[in-house]
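Student: I'm new to this one. Can you walk me through the side-chain contacts?
Tutor: Sure, let's bring it up.

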Amino acid sequence: MERLFDTRVRIVTGKGGVGKSLVALSLAIVAARRGKRVLFLETNPPESVTRFLGKPKLDGEPRLVYENLWMAGLIPSEAIREYALMTLKFKALYNAVFENRIVRYFLRAVPSLSEFVLLGKLWFHEGERSGDAPKYDLIVVDAPATGHLISWLRVPHVFDEMMPTGPLKKSARDMLDMLLDPKRTKLDIVTVPEEMPVNEAIEIAHAAMQHRLATRGLTFINRILPPLPDALVATLHAGLAGADGATQKRFAALERTVATREHWRQLGEEYLQRLPAADLKRAIRLAKRAVPIADEAAVMALAAELEAQL
Amino acid sequence: MSTTPAFTVPPLVAGKPPSDLFKRILRDKRVVVACGSGGVGKTTTSAALGLFAALAGKRVLVLTIDPARRLANALGLEEFGNSARAVSLAELGFEPQPGGSLSAMMLDMKQTFDDMVADYAAHPGDLERIRQNRLYRSMSQALAGIQEYMAVAKLYTVLQTNAYDLIVLDTPPTSHALDFLDAPRRFVDFLDHDALQWLLKSTATAGKLSFRLLDVGSSYMMKTIGRLSGVDILREIGEFVSSFYPLFLGFKDRSDKIAQLLVSRDLGFVVVSAPTQPQIDEALFFHRKLLHEGLRALSVLVNRLHRALPEDAVDASATTALQTLLGDPALAAAAMQAGADHNALVTAEQVELRRLKGEVEVHAPVCGVYELDEDVHSLQGLFAMGEQIFLRDDR
């Protein structure tokens, strides 16, 4: 599993609400603890995980948040500006062209340009160097959820097909080289043992292959209910059936709670069986917390649980 | 302006009158937009509202723009197209009030975009030229930004048919639902912008837009853009804009109407949430956004609540009682732990619920919905869920 962190870029996705951001962050924390220099990139800074950590919001500039762990947000307007500056080389030229309102207007209208430059920014960080070595050993991307992830990673294909020549085409090719090289990029999928999240996990895996988005990496199964002792539901039911009325009344709700919990757990396991066998076997399983509080302590606990399985 | 007759209680649910929220929807609304973050039961809630309104005698369409086929699942339908499918209520044992019907539709973005272009294109030749344009092809296929516009555009088209008394619109998760609110306005801004006028004027005078755009010898600016993107892309942008010229006026007209629709009295928003900290954060975020935009929040629904176990089932004396009952200290301990976990969860949920109510209730009612024992994937499940929202329990 040490090879997990030899990949340069890990793109973490899944259905909305499955805890994708926290799993991605935990992954970054584990790698940083193992001495990797890690950059955590968010694609949705307004809903930043930093609010759980009690840290200020991220901007485009990587900031050292924990030892070995930098964090930044992928922000379209900043990325467009940087991309243009990089390509045009001169600030004066940038100002002359990009500060022109008509040009700005058309740049906004060019479809997918912001998605494109966000990938450009990721590509830039992947290639960033500090002396002889890469500046970051690993970049973890807290990517958009299923539908938008698929559109996002298709954008370089679209640009590659659309552009006859020129810098945008070259950039598109560079991005595809990065995304499609299994040594450089892996796509990790987070799911939970519920029907729709499992369906979406399968959908992403399928799209990754069909649309050549990136190489599949790990599957994380989040919020797995710890099983109750096998005999509990039946014994409690039998015990209550033979008990007096007062005891039945006292524990009726507890019996229902225990039975419902076990029902959901089993149902969840059934849904998980839909995942391809190979994915299910290699999946990293993370337990559901009794109380779903998202704070720094919870993130660290998740990271510890993750680390124990790597 | 409402022509809806006085609401009567459907026979199916006699004994439970409609909730105030439901009455308000039936009386005043032609469109209800369900919004919120992912995984909170937004689609299920939309479908439940659709079911209840149909039972109450409305012709209802539930329209989902979510890329995953969730509504299909919740309604037990195999597959959706860009056209409405009737849900056979009678076959499933439901008896709607006279006139009531339920249909469901899943939006196909690309199809909607193509249809709209076809609607507005002046000549078949234009249509073909637009369709061959690479910008158009990429734009109509892969483009996230325009999807939300397509959703409201479709909503508008469906409204125009007058085939439904109520349309329930299920939206993608929060951040995109915000795009969804902004999309029509962004589009109007785009069409109203001076730059477009400048280009269109040049089209009118020069006959060909690309003339002005590609006169690169005289334009330092355009030459530089060419360096950035490759010159051909400029020609394509030019062609795209000029081909779209006849479409723009139609688009603009529709965008204006959609922007009006979003703020109209006929339309209301239901924010759907769940009682966890991140979900309540999102619900608050969305509710503030609605307030800020002057849009009508009908209610904030909190799905998946749990009920607390009685104190005497989890207190110290319960351990002994459970040991006697189960005859096994390990089993008793596991049961106690499960009970304690459950009540800790309930406590945390109530904290979140209070936080939400504290801010929202002065503006819109907050409605809690308890989790069902079963996964909701049938009309019966939808009914059990909707009962908590749309009927008043007077017992």
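Student: What does A:I11 touch, not counting residues up to four places away in sequence?
Tutor: A:I11 touches A:V141, A:A143, A:L149, A:L153, A:L179, A:T185, A:K186, A:L187 and A:D188. Contact means heavy atoms within 4.5 Å.

Student: Anything to know before we go on?
Tutor: This is a predicted model, where local features need pLDDT of at least 70, side-chain atom pairs count only at pLDDT 80 or more, and totals for chains, interfaces and linings use all residues. Residues are numbered from 1 along each chain as its sequence is written, chains are lettered from A and ligands numbered from 1 in the order written, and side-chain values use heavy atoms, leaving out hydrogens and water.

Student: How many residues are in the largest nonpolar core?
Tutor: It has 50 residues, and A:I11, A:W152 and A:L153 have the most contacts inside it. Helix α7 (residues 146–162) of chain A gives the largest share, 8 residues. A second, separate core has 40 residues, including B:L21 and B:V87. A core here is a set of buried Ala, Val, Leu, Ile, Met, Phe, Trp, Tyr and Cys residues joined through side-chain atoms within 4.5 Å. Buried means under 20% relative accessible area, exposed over 50%, and partly exposed in between (1.4 Å probe, protein chains only). Helices (H or I, at least four residues) and strands (E, at least two) are DSSP runs, numbered from the N terminus.

Student: Switching to rings. How many aromatic pairs are there over all chains?
Tutor: The count is 7. Rings of Phe, Tyr and Trp (its six-membered ring) pair if their centres lie within 6.5 Å; planes under 30 degrees apart are stacked, over 60 edge-to-face, the rest tilted.

Student: Why is the pair of A:W70 and A:Y136 edge-to-face?
Tutor: Because their planes stand at 70°, with the ring centres 5.7 Å apart. A:W70 is in strand β4 (residues 69–73) of chain A, and A:Y136 is in the loop between β6 (133–134) and β7 (138–142), 66 residues apart.

Student: Is A:Y136 buried or exposed?
Tutor: A:Y136 is buried, at 1% relative accessible area. A:W70 is partly exposed at 22%.

Student: And chain B? Which rings form a cluster there?
Tutor: Ring pairs link B:F22, B:F52, B:F94, B:F383 and B:F390. B:F22 and B:F52 are both buried. Their pair is edge-to-face, 6.2 Å centre to centre with 85° between the planes. B:F22 is in helix α1 (residues 20–28) and B:F52 in helix α2 (residues 42–55) of chain B, so the pair ties together parts 30 residues apart in sequence.

Student: Now charges. How many salt bridges over all chains?
Tutor: A search of the whole structure finds 29. Each is a side-chain nitrogen of Lys or Arg within 4 Å of a carboxyl oxygen of Asp or Glu.

Student: Where do A:R265 and A:E262 lie?
Tutor: Both are in helix α11 (residues 245–272) of chain A, 3 residues apart, about one turn of the helix. Their side chains meet in a salt bridge, 2.8 Å from N to O. Both are buried.

Student: How many residues apart are B:D170 and B:K42?
Tutor: They form a salt bridge, with the closest N and O atoms 3.9 Å apart. In sequence they are 128 residues apart: B:D170 in strand β5 (residues 166–170), B:K42 in helix α2 of chain B. Both are buried.

Student: Which residues join into one salt-bridge network?
Tutor: Shared partners join A:R51, B:D281, B:E352 and B:R355.
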